[in-house]
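Thanks, everyone, for making the time this morning. I would like to walk through one model with you, so please have the sequence and the structure open as I talk.

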Amino acid sequence: HWTCPGFALEDAWSTARTAVKGRPPGKSIIDDAIARGLHPRQFSDARLEEWGNRQIDKGCRHVSSRQGQGQFRLAIRRAGLQKQFPLLTCPDRIPYRIRPRELTSPVRSEIAAILWRMRAEARLDRVSFRWSSARRVVLRFQELAGFARLVLGISNPQCLEQLLTKPVIRKFIRWLHSEKNCAVGSIGSQVNRIRNVLRWHPTLGERDFTWMKALVEEISDPEEELAARCLGPVALRSDLIKVPNKIRSKRRRLKEQDPRLEAWLVQMELLMLLLITQPWPPLCIRKCRIKGDRPNLFRGPVPRDTYPFTLTVQAQRAFEKNSRVRLWQYCFSPAETREQRMARGLVVQRLIPLLERFINQHRDVLVGSKPDPETLFVTSSGRAFESEAFASLVGETCLEYLDVRLTPYQIRRIYALDWLANHREDPNRYEKLAISLWVEPSSVIAEYGPEDRIYLPRRNAPRRAFRIRPVRIPQ
């Protein structure tokens with residue numbers, strides 16, 4: 001009978017390994033500790049921080065490193081293994097989100113008024129207002145009110161105005177950054193959601209809350225110090241162009257004839273091709289209608305008096321031969337775009353063959369016998385995409401074919417930066433790009449100016465998918 005020190009370490013870490021199962025950073029942390037001959041009793045906060053620094057040296061993002069350390073501590077605490085790690089701090093997480101029923105009655109009334117106005121405006125614009133959108137609005141105020149009550153000690157606020165002050169918002173932002181380890185971009189998105197819904201408030205809608213953005217800019221992000229280790233966006237453009245071809249190759253390699261799987265792959269090929277060739281906003285892509293009274297994507301004649309858009313050379317030739325020629329075109333009203341401006345143009349010729357094939361042969365297979373949502377792209381259950389499901393689908397597709405998770409907005413941003421890189425000599429490049437992106441030239445200069453830099457997720461990112469569950473807002 002004989003023993004090995006390595007086996008003893010494996011046995012000592014076995015319970016911790018079970019606790020972190022399903023959390024990718026945990027396995028890496030344990031393997032690194034065993035490789036260095038560390039027992040759980042010897043594993044300290046300094047050792048965990050050293051692991052994080054080594055991950056950064058390998059190309060990991062600073063925020064991902066911090067989140068990995070936090071996930072490991074959370075797993076140890078939930079499993080009740082604090083006694084096995086006497087040198088490791090596993091503090092209890094502060095639950096700063098309170099339930100809707102714990103909000104005071106005046107605050108609930110104000111939130112209800114905001115939701116009512118949002119729903120009324122959506123009905124006037126003939127846009128659906130889903131429970132998921134209402135839930136996100138309620139969550140933002142749950143988090144802000146919970147922070148004020150559980151962290152700052154402000155109990156029972158009688159109105160939202162007491163929470164929407166500069167001192168409270170500044171402390172909330174700094175707390176998210178220091179205690180919750182949230183990235184600056186995530187904090188800015190969370191604060192912007194609060195600011196954007198306030199325009200539907202009955203009394204605070206006319207106030208100027210742009211100072212919230214300035215408070216977010218006050219905090220610094222360690223990502224800027226590690227910019228050299230981040231993946232450049234322009235380098236991904238050539239890889240993105242190959243994704244539709246990879247999906248087509250996978251579809252052709254199918255051994256069994258599965259109509260639904262083939263229809264799904266054709267839809268994914270069309271979606272990725274649309275994202276990299278026609279820079280529509282993601283909101284317009286997932287809500288693009290091809291049926292109904294006012295379809296956004298249709299095949300019809302070009303107006304005779306004046307062109308509402310620039311014709312391509314091929315379209316110009318077809319128009320000269322036959323003035324009644326029917327061309328594929330898109331049209332979005334100001335109410336259907338975030339910039340509140342009309343968007344109209346011709347569909348890129350590269351998209352048309354695949355678009356016609358998907359609409360004529362494969363889309364009805366995905367919709368099935370359920371009511372048709374009239375949108376171009378549908379889920380596997382035949383319904384219209386929501387924001388989270390759409391972002392998750394694009395991210396998982398990029399992760400499968402590029403080993404990097406990208407959002408639709410990042411792909412749109414890659415398109416814009418690559419276009420600017422190829423038109424540096426054009427003095428009107430920002431104006432031309434603004435037309436393609438359906439925004440004002442000033443927005444393009446502010447977003448993609450010469451001083452702009454973008455940092456995207458590194459390759460071989462951990463596979464983490466969204467879990468979408470139907471949630472009902474409490475009354």
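On the face of helix 6 that is turned away from its buried side, you will find the exposed residues Trp116, Arg123 and Leu124. I should say at once that this is a predicted model. The buried residues of this helix are Val107, Glu110, Ile111, Ile114, Leu115, Met118 and Ala122, and because they cover an arc of only 135° around the axis, they sit on the same side of helix 6. The general reason for such a pattern is that an α-helix has 3.6 residues a turn, so residues three or four places apart point the same way. In this model, the buried residues of helix 6 pack against helix 7, residues 131-150, and helix 9, residues 184-197.

As for the length of helix 6, which runs over residues 105-124, its 20 residues should span 28 Å at 1.5 Å a residue, and the end C-alpha atoms are 29 Å apart, which agrees. The helix is followed by Arg126, whose phi is positive, near 60°.

Let me turn to the interior. The largest nonpolar core has 48 residues, and those with the most contacts inside it are Leu271, Trp280, Leu297, Leu376 and Ile411. Several elements give two or more residues to this core, among them helix 12, strand 2, helix 16 and helix 18, while helix 13 gives the most, with eleven residues. Apart from this core lies another, of 40 residues, which includes Ile114, Val184, Leu204 and Met212.

If we look at Ile411, and leave aside its neighbours within four places in sequence, it is in contact with Leu240, Met272, Leu275, Ile276, Val394, Cys398 and Leu406.

Which residues does Ala263 contact, leaving aside its neighbours within four places in sequence? They are Phe358, His362, Val365 and Leu366. Ala263 lies in helix 13, residues 259-277, and counts as buried because its relative accessibility is 0%. Ala263 and Leu366 are 103 residues apart in sequence, yet their C-alpha atoms are 6.8 Å apart in space.

Finally, the cysteines: how many disulfides does a search of the whole structure find? The search finds zero. For Cys284, the closest cysteine sulfur is that of Cys288, and because the two sulfurs are 8.4 Å apart, they are too far from each other for a bond. Cys284 itself counts as buried, because its relative accessibility is 3%.

Conventions:
Residues are numbered from 1 along each chain as its sequence is written. This is a predicted model: local features need pLDDT of at least 70, side-chain atom pairs count only at pLDDT 80 or more; totals for chains, interfaces and linings use all residues. Side-chain values use heavy atoms; hydrogens and water are left out. Helices (H or I, at least four residues) and strands (E, at least two) are DSSP runs, numbered from the N terminus. Buried means under 20% relative accessible area, exposed over 50%, partly exposed in between (1.4 Å probe, protein chains only). Contact means heavy atoms within 4.5 Å. A disulfide is a pair of cysteine sulfur atoms within 2.5 Å. A nonpolar core is a set of buried Ala, Val, Leu, Ile, Met, Phe, Trp, Tyr and Cys residues joined through side-chain atoms within 4.5 Å. The expected span of a helix is 1.5 Å times one less than its number of residues. The arc is that of the directions from the helix axis to the C-beta atoms.
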